[in-house]
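This briefing is meant for a reader who is meeting the structure for the first time. Please keep the sequence and the model in view while reading, and locate each residue as it is named.

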Amino acid sequence: MYIDIYDTSFIEGSLKDIKPIDIFMVSGTEDEIIWDELVSAHHYLGHEKIIGKRIKYLVLTQERPLAALSFHSAILRIECRDKYI
């Protein structure tokens, strides 16, 4: 899959203007490194190796990243957060 991670221009408009939006699971694939690089560059905490079960997704539009999502098994143990939600 080709992803232009170097185009940092703003993506503006409504959802219908930026379609199609594709979601790809990248855990365990050669594209996982793209997720790692994006999170390292743009997340306020950076990127650390995730310990335990986890799954990573990239959300793309027109070959450009919109989001790098991750879900970790530790979230299953946060009862106080679940009660708050």
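The notes below go through the pocket, the nonpolar core, an aromatic pair, a polar contact and some backbone features.

The model is a predicted one, and the values given here are computed from it. Two strands and a helix come up repeatedly: helix H1 spans residues 32-42 and strand E3 spans residues 64-72, while strand E2 covers residues 54-61. A further strand, E1, runs over residues 21-25.

**The largest pocket**

- The largest pocket holds about 560 Å³ of space, and its lining is made up of 25 residues, with Leu38, Val39, His42, His43 and Ala68 lying nearest the centre.
- Helix H1 and strand E3 are the elements that contribute two or more residues to this lining, and the largest share, seven residues, is supplied by E3.
- Sorted by class, the lining of the largest pocket consists of 14 nonpolar residues, eight polar residues and three charged residues.

**The largest nonpolar core**

- Nine residues form the largest nonpolar core, namely Ile3, Ile5, Val26, Ile34, Trp35, Leu38, Val39, Leu58 and Leu60.
- At least two residues of this core come from H1 and at least two from strand E2, with H1 giving the largest share, which is four residues.
- Leu38 and Val39 appear in both descriptions, since they are members of this core and are also among the residues that lie nearest the centre of the largest pocket.

**The aromatic pair**

- The structure contains one aromatic pair, formed by Tyr57 and Phe71, whose ring centres are 6.2 Å apart.
- The planes of the two rings stand at 70 degrees, and because an angle over 60 degrees counts as edge-to-face, the pair of Tyr57 and Phe71 is given that description.
- Tyr57 belongs to strand E2 and Phe71 to strand E3, so that the pair links distant parts of the chain, with the two positions 14 residues apart in the numbering.
- Both rings belong to partly exposed residues, as Tyr57 has a relative accessible area of 23% and Phe71 has one of 45%.

**A buried serine and its contact**

- Ser27 sits in the loop between strand E1 and H1, and with a relative accessible area of 12% it is buried, because that value is under the 20% cut-off.
- From this position, the side chain of Ser27 reaches the backbone nitrogen of Lys56 at a distance of 2.5 Å.

**Backbone features**

- As background for this group, most residues other than glycine have a negative phi, and most peptide bonds are trans.
- The peptide bond that joins Lys19 and Pro20 is cis, with an omega of about 0 degrees, and Pro20 is located in the segment before E1.
- Gln62 has a positive phi of about 50 degrees although it is not a glycine, and it is found in the loop between E2 and E3.
- Glu63, which lies in the loop between E2 and E3, likewise has a positive phi, near 65 degrees, in a residue other than glycine.
- Gln62 is exposed, because its relative accessible area of 53% is over the 50% cut-off, whereas Glu63, at 45% relative accessibility, counts as partly exposed.

Notes. Residues numbered from 1 in each chain as written. Predicted model: local features only at pLDDT ≥ 70, side-chain atom pairs only at ≥ 80, totals over all residues. Heavy atoms only, no water. 1 Å grid on protein atoms, 1.4 Å probe; cavity = no way out; pocket = protein on both sides within 12 Å on 5 of 7 lines; lining within 4 Å. Points joined across faces, edges and corners; volume = space filled by probe spheres on them. Nonpolar A, V, L, I, M, F, W, Y, C, P; charged D, E, K, R; others polar. Core = buried A, V, L, I, M, F, W, Y, C linked by side-chain atoms within 4.5 Å. Buried < 20%, exposed > 50% of the residue type's maximum accessible area, 1.4 Å probe, protein only. Phe/Tyr/Trp six-rings, centres within 6.5 Å; stacked < 30°, edge-to-face > 60°. Polar contact = N/O pair within 3.5 Å; in protein donor to acceptor, adjacent residues only side chain to side chain.
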